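The following exercises are intended for a reader who meets this structure for the first time. Please attempt each task before reading its solution.

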Amino acid sequence: MVKRDFIDTCSFSKDEMQYLAELGIKIKATINHGYYPSLLKGKSLGMIFDQVSTRTRCSAETAMTELGGHALYLAPGQIQLGENGHEGLADTSHALGDLVDIIGVRTASHEDIVEIAQNSPAPVVNFMSDNDHPTQALGDLITIKEFLPQGKKLSDVKLVFVGDATQITVSALFLCAQMGMHFVQYGPKEKHLPMEILDKAAKIAQENGGTITLSEDEKVLEDADFVYTDVWYGLYDQEHSKDEYMKLFYPKYQVNDELLAKTKNPSVKFMHCLPANRGEEVTASVLDGKKSIVWQQAANKKTAMRAVFTYLLKGKSLDVLNEITD
């Protein structure tokens, strides 16, 4: 089987993303019924983290365990890599790729993940970089499919991302472009997505029938099926201080009950990649309210990991699906 990597949200085609979502949903249903298919028996995941993580790390580890595999957490200082190590990125990637079956990486540098993938014999998965968060995108696709508005197809869905152009915004943009959905970034002009990313996404959206809108006008909230937000200052943000971000985004771009009402959609759902800063980008009443699906979204990180690992290690085959249902 030819080695594949999942480095960018657009690494896989529309059909592949659909397959991954369906595979994840089927594996989850099987496990929810008490059967844990040994799809990854004897397989090992090496996880390189140079940033903190709760949901991504735990979902990756548990996904491997539930499917019969094993995960190794490789934190800074635990392997011979970096400022205090004795080995460069290329050599570490090659050695690790010979020792484990698949590698997951969370690091601030997207270029580092690309280099790891170029040198590793094993498939590499981006667990979040400063550019993108593809496993988040797949989990979001699964969540959107599970909460798809009645009578609508994915191509009918309008997703409004409120706030800054974070890597989560990028992954949501490319997901919507791939699936032919309608993406809106509602935020201050100086924090809109950069043109080089928009140009790439626009070509993908055109191929699949999706649309992309960036605006400061609250009217773009109307008819939103999903309202999505992220923190205003994040893991890799060093442009401005917290106070500067608050002045820029608050109160106009805080997702509160009043903002959700402006969608004029009583069935609108709220999404957040988490962790959230209550009282800043979102109010507690929204995060904990009936329109919130953030906890189901967080749980689907594991649903996505199960599918990605299985796909990269076993390929797209009927045998995988048969093994789940047998």
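**Exercise 1. Aromatic pairs**

Task: State how many aromatic pairs a search of the whole structure finds, and classify the pair formed by Phe6 and Phe12.

Solution. The model is a predicted one. Searching the whole of it yields eleven aromatic pairs. For Phe6 and Phe12, the ring centres are 4.6 Å apart and the planes make an angle of 5°. Planes under 30 degrees apart count as stacked, and the pair of Phe6 and Phe12 is accordingly stacked. Both Phe6 and Phe12 are buried.

**Exercise 2. Two tyrosines**

Task: Determine which kind of pair the rings of Tyr186 and Tyr253 form, and which parts of the chain that pair ties together.

Solution. Begin with the geometry: the ring centres of Tyr186 and Tyr253 lie 4.8 Å apart, and the planes stand at 65°. An angle over 60 degrees counts as edge-to-face, so the pair of Tyr186 and Tyr253 is edge-to-face. Next, locate the two residues. Tyr186 belongs to strand S6 (residues 182–186), whereas Tyr253 lies in the loop between helix H8 (242–249) and helix H9 (257–261). The pair therefore ties together parts that are 67 residues apart in sequence. Tyr186 and Tyr253 are both buried. Finally, consider the surroundings: one aromatic cluster is formed by Tyr186, Trp232, Tyr245, Phe249 and Tyr253.

**Exercise 3. The open sheet**

Task: Give the strand order of the open sheet of four strands, and explain why one side of S2 and of S4 is left without a neighbour.

Solution. The order is S2-S1-S3-S4, and the pairing is parallel. Strand S2 (70–74) and strand S4 (124–126) stand at the edges, and each has a single partner strand; one side of each is therefore without a neighbour in the sheet. From one strand to the next, the twist averages 20°. Strand S1 (residues 44–49) pairs with S2 in the parallel sense over five bridges. Within this pairing, Leu45 stands opposite Ala71 in S2.

Two helices remain to be placed. Helix H2 (residues 55–66) packs on the sheet and touches S1, S2 and strand S3 (102–106). The direction of H2 makes about 170° with that of S1. Helix H4 (residues 110–119) also packs on the sheet, where it touches S1, S3 and S4. The direction of H4 makes about 165° with that of S4.

**Exercise 4. A charge over a ring**

Task: Identify the ring over which the charged end of Arg57 sits.

Solution. The ring is that of Tyr73, and the charged end of Arg57 sits 3.5 Å from its centre.

**Exercise 5. Backbone details**

Task: Locate the cis peptide bonds that precede Pro251 and Pro275, and decide whether Met128 and Lys264 are buried or exposed.

Solution. First, the peptide bonds. Tyr250 and Pro251 are joined by a cis peptide bond with omega about 5°, and Pro251 lies in the loop between H8 and H9. The bond from Leu274 to Pro275 is likewise cis, with omega near 5°; Pro275 is found in the loop between strand S9 (269–272) and helix H10 (284–287).

Second, the positive phi values. Met128 is not a glycine, yet its phi is near 125°, and its place is in the loop between S4 and helix H5 (134–146). With a relative accessible area of 8%, Met128 is buried. Lys264, also not a glycine, has a positive phi of about 60° and is found in the loop between H9 and S9. Its relative accessibility is 61%, so Lys264 counts as exposed.

Note on methods:
Residues are numbered from 1 along each chain as its sequence is written. This is a predicted model: local features need pLDDT of at least 70, side-chain atom pairs count only at pLDDT 80 or more; totals for chains, interfaces and linings use all residues. Side-chain values use heavy atoms; hydrogens and water are left out. Two strands pair if DSSP finds at least two bridges between them. Axes are lines fitted to C-alpha atoms, for helices over the stretch in contact, and angles run from 0 to 180 degrees between N-to-C directions. Contact means heavy atoms within 4.5 Å. Rings of Phe, Tyr and Trp (its six-membered ring) pair if their centres lie within 6.5 Å; planes under 30 degrees apart count as stacked, over 60 as edge-to-face and the rest as tilted. Buried means under 20% relative accessible area, exposed over 50%, partly exposed in between (1.4 Å probe, protein chains only). A charge sits over a ring if NZ of Lys or CZ of Arg is within 6 Å of the ring centre and within 35 degrees of the ring normal.
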